[in-house]
Amino acid sequence: MAKDVTYSSYLDLDRILSAQHPVSDAHDEMLFIIVHQASELWLKLCLHELQAARQDIAADTLRPAFKHLARVARAQGQLIQSWDVLSTMTPHDYSTVRPHLGNSSGFQSAQYRLMEFLLGGRNPDMVTMHEATPEVAEALRAELDRPSLYDETMRLLDRRGFAIPDEVLTRDKQAEWTENDAVQDAWADIYRNPQEHWDLYELAEKLVDLEYHFQRWRFGHLKTVERIIGFKKGTGGTAGVPYLEGVLKQVFFPELLSVRTAI
């Protein structure tokens, strides 16, 4: 019964607060665990909102989509700020924790990869590392078979009468996005005439917000890693900072950036 619900029982705090299991005597391991667990919770919320936004864009009901996308931007702000807390860990502090991490790495976060896939940053090879957990690998493959948020946006622009080429509308959903001049032209029309296309103009800016905050999160990750471990290799086998520098060059909605030069 509702009257029997307490703050603790509703939030399942017993399980949440007992989910931290340090494996060393290092004081800062608790910080390391909580920052990453909290980040996964924020990622879960981002996915919840992005999936709803995608459905709204597909249905051409953009007002609810704007609310979902705005909430994601705020949640991304929390993810970005988490690096400020983690960056209080010094190289010595981390050196006492790292030997106990084995091959575990944020690179293995299934929710992060799912968010990348949903936004359109798709690389089917990234599913391989999750094969040991069949349900996770299946969820990632299922996402690869769905239109990304940007794919649905292209379909919407086509329905609204913009000249979106067939090769964009029928492209391989699992492939990386290829920048397209006709898509840039469509966005240019919207940006030059916002009063005629106000909801699409607002959608464009919401997508730019997503890109902007995602890149800020990646940059914060890079600078935090650089500050704590320098240029050592990552625990998951990546090159560390050089790998993160390469990821910073990846964009989800390239025409929404290039259109700023075009108009």
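## Briefing: an all-helix chain

The chain has 13 helices and 0 strands (DSSP runs, numbered from the N terminus: H or I of at least four residues for helices, E of at least two for strands). This is a predicted model: local features need pLDDT of at least 70, side-chain atom pairs count only at pLDDT 80 or more, and totals for chains, interfaces and linings use all residues. Residues are numbered from 1 along each chain as its sequence is written, and side-chain values use heavy atoms, with hydrogens and water left out.

**Overall shape**
- The C-alpha trace spans about 60 × 55 × 35 Å along its principal axes.
- Of the 263 residues, 45% count as buried (under 20% relative accessible area; exposed is over 50%, partly exposed in between; 1.4 Å probe, protein chains only).

**The core**
- In soluble globular proteins, nonpolar side chains tend to be buried together.
- Here the largest nonpolar core (buried Ala, Val, Leu, Ile, Met, Phe, Trp, Tyr and Cys residues joined through side-chain atoms within 4.5 Å) has 68 residues.
- Helix 11 (residues 198-229) gives the largest share of this core, 12 residues.
- Leu149 and Trp187 have the most contacts inside the core.
- Leaving aside neighbours within four places in sequence, Leu149 is in contact (heavy atoms within 4.5 Å) with residues including Leu50, Ile57, Leu118 and Leu207.

**Near the N terminus**
- Where does valine 5 sit? Valine 5 is in the segment before helix 1 (7-11).
- Valine 5 counts as partly exposed because its relative accessibility is 43%.
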